[in-house]
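User: I am new to this structure and would like a close look at a single part of it, with enough of the surroundings to understand where that part sits. Please take your time and explain each term as you go.

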Amino acid sequence: MRSNRRLRLTAIPLALITTVALAGCTTQMQLGWLPTEPGTTNQVDRVIGLWVTSWIVLLVVGVITWGLIIWAAIVYRRRKGQTGLPVQLRYNMPIEVFYTVVPLILVLGFFAFTARDQQEIEAPLADPDVTIEVYGKRWAWDFNYVTDGVYYQGIQAQETGPNNTIDASTLPTLYLPVGKKVEILIESRDVIHSFWIVDFLYKKDMIPAKTNYWYFIPEKEGTYAGKCAELCGEYHSLMLFNVEVVSQAEYDAYIESLRAEGNVGRLGPEFNTNTNLPGTTGASEEE
């Protein structure tokens with residue numbers, strides 16, 4: 001009788017937790033609350049799968065752990081009339097081995113799947129259709145459309161009005177053709193920044209005197225938000241940009257509009273403000 005009562009007391013919290021976890025998952029819940037949609041790029045689904053699977057595994061571990069804690073608290077609580085401490089055990093070898101092996105397996109598993117997906121995401125795409133060089137600068141962006149020989153020079157977001165609102169339409173905008181292989185060359189003009197397209201679920205550090213690379217295929221047309229994800233100074237929060245994924249025809253029209261404006265060529269390292277880099281003899285901007 002007492003045993004059945006203990007089982008019921010243990011089963012109730014476990015049932016409640018499981019019911020809450022499984023009840024009516026929304027689309028956002030199925031994405032693990034990630035700020036994107038499946039199929040946004042050729043890499044997004046891989047990131048979503050890794051993220052959601054990790055949380056499912058961690059939820060299972062959490063439910064088991066919480067269940068054991070609640071079970072121990074109920075079953076081994078001090079009863080009326082009892083005094084002193086319960087019998088103390090120095091060790092329990094099977095349990096200690098279990099508590100050592102299981103976390104080790106989890107850590108190795110997370111590492112292996114993360115390394116596998118990262119290797120796939122970082123793999124270069126052969127013969128990219130578009131090569132774009134992105135320069136981060138305090139506190140804006142320059143985009144060199146290397147394949148087409150034109151550029152866009154951006155300024156930081158401008159706050160207006162009593163509430164310091166930002167008009168998103170005035171932000172620097174990076175154009176990408178949908179369904180095409182894109183190669184991004186990532187550079188910095190001054191300090192460390194981070195190039196982050198939020199919906200693409202990936203970001204890359206921008207390090208002075210070092211070129212990083214990112215390869216992907218944008219697969220859904222639309223407007224996406226971008227920002228610097230590395231604290232880089234006073235106006236870091238205004239280092240924003242937009243990404244427009246458009247058809248090939250719209251992309252070609254935009255390239256031609258830059259050419260018509262006279263933005264021909266490349267805004268290269270000659271515009272860098274940090275000249276005191278390893279391997280150079282330049283003076284720092286403070287001098």
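Analyst: What follows is a close look at strand β1 and its neighbours, with some of the wider setting before and after. This is a predicted model, in which local features need pLDDT of at least 70 and side-chain atom pairs count only at pLDDT 80 or more, while totals for chains, interfaces and linings use all residues. Residues are numbered from 1 along each chain as its sequence is written, and side-chain values use heavy atoms, with hydrogens and water left out.

As a setting for the strand, the secondary structure of the protein comes to five helices and 12 strands; here helices (H or I, at least four residues) and strands (E, at least two) are DSSP runs, numbered from the N terminus. Of the 287 residues, 34% count as buried, where buried means under 20% relative accessible area, exposed means over 50%, and partly exposed lies in between, with a 1.4 Å probe and protein chains only. The protein exposes about 17,600 Å², and carbon and sulfur atoms supply 60% of that area; accessible areas come from the Shrake-Rupley method with a 1.4 Å probe, and for residues only the protein chains shown count as cover. Among the contacts with a separation of 6 or more, 70% are between residues 24 or more positions apart, a contact being heavy atoms within 4.5 Å.

Strand β1 covers residues 130-137 and is mostly covered, since eight of its eight residues are buried. Its two faces are both covered: V130, I132, V134 and G136 lie on one side, T131, E133, Y135 and K137 lie on the other, and all of these are buried.

The strand has partners to consider, and two strands are said to pair if DSSP finds at least two bridges between them. With strand β2 (residues 140-145), β1 runs antiparallel and is joined by six bridges, and in this pairing E133 stands opposite N144. The two strands form a hairpin, with two residues between them. With strand β7 (residues 182-188), β1 pairs in the parallel sense over seven bridges, and Y135 has E187 as its bridge partner there.

E187 deserves a closer look, as a residue of strand β7 that reaches back to β1. Leaving aside residues up to four places away in sequence, E187 touches E133, V134, Y135 and G136, together with M206, K210 and T211. E187 counts as buried because its relative accessibility is 12%. There is also a link across the sequence, as E187 and G268 are 81 residues apart along the chain but 9.7 Å apart in space, C-alpha to C-alpha.

From β7 the view extends to N212, which is found in strand β10 (residues 212-216). N212 touches I184, L185, I186, D205 and I207, again not counting residues up to four places away in sequence. A polar atom of the N212 side chain lies 2.7 Å from the backbone oxygen of D205, within the limit for a polar contact, which is a pair of N or O atoms within 3.5 Å; within protein, one must be able to donate a hydrogen and the other to accept it, and residues adjacent in sequence count only if both atoms are side-chain atoms. N212 counts as buried because its relative accessibility is 14%.

Another residue to follow is Q43, which is placed in the loop between α2 (27-30) and α3 (44-75). Q43 touches I121, W214, Y215 and F216, with residues up to four places away in sequence not counted, and it counts as buried because its relative accessibility is 5%.

Further along the chain are two cysteines. The structure holds zero disulfides, a disulfide being a pair of cysteine sulfur atoms within 2.5 Å. C228 is in no disulfide, and its nearest cysteine sulfur is that of C232; the distance of 3.9 Å between these sulfur atoms is too far for a bond. C228 is buried, with a relative accessible area of 4%, and C232 is buried as well, at 9%.

For contrast in exposure, G262 is found in the segment after α5 (248-260) and is partly exposed, with a relative accessible area of 46%. G262 and V150 are 112 residues apart in sequence and 8.5 Å apart in space, C-alpha to C-alpha.
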